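User: I would like to learn how to read strands, helices, cysteines and aromatic rings in a protein model. Can we go through one together?

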Amino acid sequence: MTLSFDPRAKATTLYHGEFRPMFIGGKWVAAQSGQEMQALNPATGEVLATVPRGGAADVDAAVAAARAAFEGPWSKFSPYERQCVLLRIADLFETHWEELSVSDTLDMGLPITRTLANRRRVIGMLRFYGGMATALHGEAIDNSIPGEIVSFTRREPVGVVGAIIPWNAPTAASIWKIAPALATGCTIVLKPSEEASLTPLLIARLMQEAGVPDGVVNIVTGTGAEAGARLAEHPDVNKIVFTGSTLTGQAIARAGVTNLKRVSLELGGKSPIIVCRDADIDKAVPVAAMAVFVHSGQICIAGSRLFVAREIHDEFVRRVAEFAGRLRIGHGIEAETEIGPLINARQAGKVEGYIKAGSDEGAKLVAGGSRLTGALYDGGNFIAPTVFGAVSDKMTIAREEIFGPVISAMPFDTLDEAVARANATPYGLAAGIFTTHLGTAHKLARRIKAGSIWVNMYHAIDPAVPFGGMKMSGYGREGGIEHLHEYLETKSVWIQTD
């Protein structure tokens, strides 16, 4: 792919191992403990920068700043003024998009062509929520109480929001939390992943430049066990919103009980893809493959359980394996790279363990399955896109979320069987269906238990469309008007007029 700029040249201007402070109450600060963490490039292992290792005291300071802003200057902003702030942020993102994209690629490995391609989604979110800021309203309700009594509802901001995001999409995840908070009049404390904190700090700089008042947006860097845990349990946080693993989400839900704060969770998945015998194979193969491989499998919606009608199973799996073998693997900063590294050596080791388990339990390795070595991959965490055939539903690779580039392919004979097996998981985040029959698409979409169903496509996410999970994949929605309601309280007002 030909780019309009040189990503490597821009990368040299971003990070040089220097210290990058966090953002609390409009000020750039170190951790009160003085501790720091290294931000590593997952493609090379080099130190990009150091950031504060914030702890409970830093979270307390950020929450206090958010509370002061919520009850002070920010409360006086009209919906129109909040809209103007969000639109100014969107304009700044337009100007600095190359910088944000390169930062994401360096910090967490996603190929530059894909971080650049997130432009429409991220800036679209800012403008969507900016538009919605002036469209929030309550309702006048006819009641049945005797007399002249008027009843209506008001929508009011919930207050201070604590947001905890993963490392696999720092720009998009940050804005998906911050933008609805600003649109509704809330303030926010964002705790990015310790594996990818640099882009959220760039975002804080743009927020400040856009005129967001001090304390409305705060970024606290640190570990989940220290900063994240304190934010989740903090008694002055009114809502916690989290994207990440199911295990951590359960801990956050328990912590939220301390003050009965609202909790929204977007958690893990083991998403099925069902390829019907009438599917357009030419179109389905690359989409089904990239449903997992697009970010080396490091996406919660990865369609890692591939159910294929027996009549076309062998051909389809063979072609997916051939597609996997043609993917260009390398440093994300290179324009020709299609698959980048895993986030760190620990995650790469975990994925290698799953690949070994697949082979040990009798699955057939059809493609990939190896850690990549050699000069191009020195210091990085690269695993070849992997396809397993002859997988049974009881195998570890078919049951557990791998968060790596691993597909488990399985044949099915009837649609009833495919639905039953697709639903036989504690997760319910997403699913894919490939069929040329409209009736089949509707029937399967109705029966599959997942929050998002894609037919003859995958990965589509739009600001106006709700996104979220069922079962152990969490609760609450991001996107659409439902998302904004997550940040609002409904107040009922009664007025006797006679």
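Analyst: We will take the annotated domain, then the sheets, the cysteines and the aromatic pairs. Keep in mind that this is a predicted model.

User: Which residues does UniProt list for the domain, and what is the chain like there?

Analyst: An unreviewed UniProt entry lists "domain: Aldehyde dehydrogenase" for residues 28–493. Over residues 28–493 the chain is 40% helix and 20% strand. The C-alpha atoms at the two ends of that stretch are 42 Å apart.

User: How do I read a sheet, and which strands are at the edge in the sheet of 3 strands?

Analyst: Read the order of the strands, then their directions. The open sheet of 3 strands has the order E1-E5-E4, with mixed pairing. Its edge strands are E1 (18–19) and E4 (36–40), each of which pairs on one side only. E1 and E5 (residues 47–52) run parallel and are joined by 2 bridges. One contact to look up is Glu 18, whose bridge partner in E5 is Ala 49.

User: What is the strand order in the sheet of 7 strands?

Analyst: The order is E15-E16-E17-E14-E13-E19-E20, in an open sheet with mixed pairing. Here the edge strands are E15 (364–367) and E20 (452–455), each pairing on one side only. On average, neighbouring strands of this sheet are turned by 25° against each other, direction ignored. Within the sheet, 4 bridges join E13 (residues 272–275) to E14 (residues 305–309), and these two strands run parallel. Val 275 stands opposite Val 308 in E14. As a general idea, side chains in a regular strand alternate between the two faces of the sheet.

User: Which helices lie across these strands?

Analyst: Two to look at are H11 and H12. Helix H11 (residues 281–293) lies across E13, E14, E16 (386–389), E17 (406–412) and E19 (430–434), and runs at about 135° to E17. Helix H12 (residues 310–326) lies across E13, E14, E15, E16 and E17, at about 135° to E14.

User: Where does E7 pair, and how do the strands run?

Analyst: E7 (residues 149–157) is antiparallel to E6 (residues 140–141), with 2 bridges between them. The bridge partner of Ile 141 in E7 is Ser 151. E7 is also joined by 9 bridges to E23 (residues 488–496), again antiparallel. In that pairing, Pro 157 has Leu 488 of E23 as its bridge partner.

User: How many disulfides does the structure hold, and why is Cys 84 not in one?

Analyst: The structure holds 0 disulfides. The test is distance: a disulfide needs two cysteine sulfur atoms within 2.5 Å. For Cys 84 the closest cysteine sulfur is in Cys 186, 19 Å away, so it is too far for a bond. Cys 84 is partly exposed, with a relative accessible area of 22%. Cys 300 counts as buried, at 16% relative accessibility.

User: How many aromatic pairs are there, and how do I read one?

Analyst: The count comes to 7 aromatic pairs. Read the distance between ring centres, then the angle between planes. For Trp 167 and Phe 403 the centres are 5.7 Å apart and the planes stand at 85°, so the pair is edge-to-face. Trp 167 lies in the loop between E8 (160–164) and H7 (170–184), and Phe 403 in the loop between H14 (396–399) and E17, so the pair ties together parts 236 residues apart in sequence. Trp 167 counts as buried at 13% relative accessibility, and Phe 403 counts as buried at 19%. Another pair, Trp 454 and Tyr 458, is tilted, at 4.6 Å centre to centre with 55° between the planes. Trp 454 and Tyr 458 are both buried.

Key
Residues are numbered from 1 along each chain as its sequence is written. This is a predicted model: local features need pLDDT of at least 70, side-chain atom pairs count only at pLDDT 80 or more; totals for chains, interfaces and linings use all residues. Side-chain values use heavy atoms; hydrogens and water are left out. UniProt positions are given in the numbering used here, feature names are shortened, and annotations may be inferred rather than shown by experiment. Two strands pair if DSSP finds at least two bridges between them. Buried means under 20% relative accessible area, exposed over 50%, partly exposed in between (1.4 Å probe, protein chains only). Axes are lines fitted to C-alpha atoms, for helices over the stretch in contact, and angles run from 0 to 180 degrees between N-to-C directions. Contact means heavy atoms within 4.5 Å. Rings of Phe, Tyr and Trp (its six-membered ring) pair if their centres lie within 6.5 Å; planes under 30 degrees apart count as stacked, over 60 as edge-to-face and the rest as tilted.
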